[in-house]
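Me: Please take a close look at a single part of this model, the surroundings of one serine, and then set that part within the rest of the chain. I would like one connected answer rather than a list.

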Amino acid sequence: MQFLGVRLVNTLFILLGSAIFSFGVIYFNMQNNLAEGGFTGILLILDHFGLPIAIMNLILNIPVFIIGWKLLGRNTLVYSLIGTFAVSFFLWFFELPFFMDNVHFELQNEMIIAALFAGVFIGLGLGIIFRSGGTTGGVDIIARLVHKYAGWSMGRTMFVFDACVISASVLIYLDYIQGMYTLIAVFVGARVIDFIQEGAYAARGATIISGESQAISAKIMKEMDRGVTVLAGKGSFTGERRDVLYCVVARNEIVRLKNIIHSVDPHAFVAVTSVHDVLGEGFTLDENKNPIEN
């Protein structure tokens, strides 16, 4: 279901991601005195001075959206605004007395667990938001602006910004041990974001070199219903020309693919690589070239 190009399912997942993210910030970062990078880290610094983080999230982000809206495109802008307002709402919601009086994850004596769960919740929440086409504003938009007007890569800008925010947190209200646990949380969060964004698409690409390439490709197409691309190859040592096959399959199909290749040519050369993003028939399109709903 869509309204003005915005899909309802994307909106629902952005709301879910915002709730998970906000829960992690309140009950793992704040309760255990851990910082964070980006605008979230700035919010935690402001909380140290008694400022309401739900309102400050809007105050910090809305000007950034106004400056960078042309870089986002309409749909991304709408999804990002939904994410930003949802995060502010859930930050306020989870700080209500009912939750604060009854939900406690104070793990000062188990800081490694606190750091791991902080990273998992923040990474999971942000990963769902990013996967659904949104952002939470902040550094992402600033990095796009810096890339456009200063030529810096987005990764470099985000790294410098995060480093400055975490350093400021250590100078203002953290001790160096809490700062080190914060780095663990940030690292875990980044890995979880990558997994959420790429894990569902993860597949395996197989490069196959064999004298029985035609028989192998025919059997793959017949038994697995997967396409095979035939590339022209030439051995650098022998100078012999030979077809090279390339096939992409789902992770759970790789063993079956190897068995098919081995049944035709036990001596075939096979190189398997990870594929993190797959678009096209059999993955995001069906046999009629229509999008597959996930």
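Reply: Once its neighbours within four places in sequence are left aside, Ser210 is in contact with Ile216, Arg242, Asp243, Asp265 and Ala268. These contacts are read from a predicted model, and the values below should be taken in that light. Ser210 itself sits in the loop that runs between strand S3 (203–209) and helix H10 (213–224). Although it belongs to a loop, Ser210 has a relative accessible area of 2% and therefore counts as buried, the limit being under 20%. Two polar neighbours of its side chain can be named. The side chain of Asp265, one of the residues in the contact list, makes a polar contact with the side chain of Ser210 at 2.5 Å. On the other side of the account is the backbone nitrogen of Glu212, which lies 2.9 Å from a polar atom of the Ser210 side chain.

The strand that leads into this loop can be followed a little further. Thr207 has its C-alpha atom 6.5 Å from that of Val272, although the two residues are 65 apart along the chain. Val272 is placed in strand S6 (residues 269–275), and when residues up to four places away in sequence are not counted, it touches Arg204, Gly205, Ile254 and Lys258. With a relative accessibility of 36%, Val272 is partly exposed, whereas Ser210 is buried. At the other end of helix H10, the loop between H10 and strand S4 (229–234) holds Asp225, a residue other than glycine whose phi is nevertheless positive, near 55°. Asp225 counts as exposed because its relative accessibility is 69%, and the limit for that class is over 50%.

A positive phi of about 55° is also found at Asn33, again not a glycine. Asn33 is in the loop between H1 and H2, and with a relative accessible area of 28% it is partly exposed.

The helices on either side of that loop bring in the aromatic residues. A search of the whole structure finds 18 aromatic pairs. In one of them, the ring centres of Phe28 and Phe121 are 5.1 Å apart and the planes meet at 35°, so this pair is classed as tilted. Since Phe28 belongs to helix H1 (residues 8–30) and Phe121 to helix H6, the pair ties together parts that are 93 residues apart in sequence. The two partners fall into separate accessibility classes: Phe28 is buried at 3%, while Phe121 is partly exposed at 22%. A further tilted pair is formed by Phe39 and Phe161, with 5.9 Å from centre to centre and 35° between the planes. Here too distant parts of the chain are linked, with Phe39 in helix H2 and Phe161 in helix H8, 122 residues apart. Phe39 has a relative accessible area of 12% and is buried.

Phe39 also leads to Asn61, a residue of helix H3. Leaving out residues up to four places away in sequence, Asn61 touches Phe39, Thr84, Thr136, Gly137 and Gly138. Its relative accessible area is 0%, which means that Asn61 counts as buried. Within the reach of its own helix neighbours, the Asn61 side chain makes a polar contact of 2.9 Å with the side chain of Asn57.

Several of these helices also take part in the largest pocket, which holds about 900 Å³ of space. Its lining is made up of 35 residues, and those closest to its centre are Glu36, Leu126, Met158, Asp162 and Ile193. Helices H2 (38–48), H3 (53–72), H6 (111–131), H7 (139–150), H8 (154–172) and H9 (176–198) each supply at least two lining residues, and H9 gives the most, with nine. By character, the lining divides into 17 nonpolar, 12 polar and six charged residues.

As for the chain that holds these parts, it has 11 helices and six strands. Of its 294 residues, 42% count as buried, and Ser210, Asn61, Phe28 and Phe39 are each in that class. Among contacts between residues at least 6 apart in sequence, 74% join residues at least 24 apart.

Definitions and conventions:
Residues numbered from 1 in each chain as written. Predicted model: local features only at pLDDT ≥ 70, side-chain atom pairs only at ≥ 80, totals over all residues. Heavy atoms only, no water. 1 Å grid on protein atoms, 1.4 Å probe; cavity = no way out; pocket = protein on both sides within 12 Å on 5 of 7 lines; lining within 4 Å. Points joined across faces, edges and corners; volume = space filled by probe spheres on them. Helix = DSSP H or I, 4+ residues; strand = E, 2+ residues; numbered from the N terminus. Nonpolar A, V, L, I, M, F, W, Y, C, P; charged D, E, K, R; others polar. Buried < 20%, exposed > 50% of the residue type's maximum accessible area, 1.4 Å probe, protein only. Polar contact = N/O pair within 3.5 Å; in protein donor to acceptor, adjacent residues only side chain to side chain. Contact = heavy atoms within 4.5 Å. Phe/Tyr/Trp six-rings, centres within 6.5 Å; stacked < 30°, edge-to-face > 60°.
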